[in-house]
Amino acid sequence: MIRIGTIVWFVVLAMLGVGLFQVKYAVQSKERELRTVNRQIIADREAMRVLEAEWSYLNDPVRLADLTRRHTDLAPVMASQIATFEGLAPRPAEMPALPPLAALPGQAPAGDPAVTAIPASAVVPAPVTPTLAAPAPANDPVFQTSAGAEAPSADDDATIRAILQDMQSHQSGDAEPAAGSGKSLPANEAGVE
């Protein structure tokens, strides 16, 4: 039994020796890599210092001004080169601002962030029945155009809003005219026969 125990111990010692040599060579390899990386870091830092010095030399304002003077025809801006307001072309006539139109079905009004839009799937278009409308009299102020006028007045804006509300109420099936329109439509125009 002593011989088997001695052989086992000998094998264990041999395996430990081989493992120790492998660890030693692995550590030496890692130390070589570490020295190589440290040398590379030192070389990169030195290159960065050189590049920073070159950058500060190339961006020196005195050098840049000298190069600009030698190689370009640029000169400082003179007061005579600046335009005045009198020298500018006149502005085109501005159009008056129109009031926002009522929102279409499925859309939120443009100026009201508190109102959310109705989903398009929930909007059901109302059936539109064609009707024959009598021509408007020429002296009726609601239907007169302002082609010759300078700008629409507040009364014209209110009239346009009333007409739009009437149209929307008729499309939704409501035969009542909008409040403030001052006009009621004849029965045949409202869809009642």
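**Exercise 1. Place Ser-56 and describe its surroundings.**

Solution. Ser-56 sits in helix 1. The model is a predicted one. The next step is exposure: Ser-56 has a relative accessibility of 46%. Buried means under 20% and exposed means over 50%, with partly exposed in between, so Ser-56 counts as partly exposed. The last step is to look for a polar partner of the side chain. A polar atom of the Ser-56 side chain lies 2.9 Å from the backbone oxygen of Ala-53.

**Exercise 2. Decide whether Ser-169 is buried or exposed, and find which backbone oxygen lies 2.8 Å from its side chain.**

Solution. Begin with the location: Ser-169 belongs to helix 3, which covers residues 154-171. The relative accessible area of Ser-169 is 12%. The limit for buried is under 20%, so Ser-169 is buried. Then consider the side chain. One of its polar atoms is 2.8 Å from the backbone oxygen of Asp-166.

**Exercise 3. Find which residue forms a salt bridge with Lys-30, and describe the pair.**

Solution. Side chains of opposite charge can pair when their charged atoms come close. For Lys-30 the partner is Glu-33, and the closest N and O atoms are 4.0 Å apart. Now compare positions in the sequence: both residues lie in helix 1, three residues apart, which is about one turn of the helix. Finally, check exposure. Lys-30 counts as exposed at 55% relative accessibility, whereas Glu-33 is partly exposed at 43%.

**Exercise 4. Describe the salt bridge between Arg-49 and Glu-46.**

Solution. Take the distance to begin with: the side chains of Arg-49 and Glu-46 meet at 2.8 Å, N to O. Next, the location. Both residues are in helix 1, and three residues, or about one turn of the helix, separate them. As for exposure, Glu-46 has a relative accessible area of 42% and is therefore partly exposed.

**Exercise 5. Explain why Asp-66 and Arg-69 are separated by about one helical turn, and state which residues make up their network.**

Solution. Asp-66 and Arg-69 are three residues apart in helix 2 (residues 61-71), so about one helical turn separates them. They form a salt bridge, with the closest N and O atoms 2.9 Å apart. The two differ in exposure class: Asp-66 is partly exposed at 25% relative accessibility, while Arg-69 is exposed at 60%. To complete the picture, add Arg-70: Asp-66, Arg-69 and Arg-70 are linked in a network of salt bridges. For the whole model, the count of salt bridges comes to four.

**Exercise 6. List which residues form the nonpolar surface patch, and classify Leu-13.**

Solution. The patch consists of Ile-4, Val-8, Trp-9, Val-12, Leu-13 and Leu-16. Together these residues have about 660 Å² of accessible area. Take Leu-13 as the example: it lies in helix 1, residues 2-58. Its relative accessibility is 55%. Exposed means over 50%, so Leu-13 counts as exposed.

**Exercise 7. Summarise the whole protein: how many helices and strands does it have, and what percentage of its residues count as buried?**

Solution. Count the elements: there are three helices and zero strands. Read from the N terminus, their order is α-α-α. Of the 193 residues, 4% count as buried. The protein exposes about 17,400 Å², and carbon and sulfur atoms supply 65% of that area. The last step concerns contacts between residues at least 6 apart in sequence: 33% of them join residues at least 24 apart.

Notes. Residues numbered from 1 in each chain as written. Predicted model: local features only at pLDDT ≥ 70, side-chain atom pairs only at ≥ 80, totals over all residues. Heavy atoms only, no water. Helix = DSSP H or I, 4+ residues; strand = E, 2+ residues; numbered from the N terminus. Buried < 20%, exposed > 50% of the residue type's maximum accessible area, 1.4 Å probe, protein only. Polar contact = N/O pair within 3.5 Å; in protein donor to acceptor, adjacent residues only side chain to side chain. Patch = residues over 30% accessible without salt bridge, like charges linked within 9 Å, V, L, I, M, F, W, Y side chains within 5 Å. Areas by Shrake-Rupley, 256 points an atom, 1.4 Å probe, with all protein chains shown as cover. Contact = heavy atoms within 4.5 Å.
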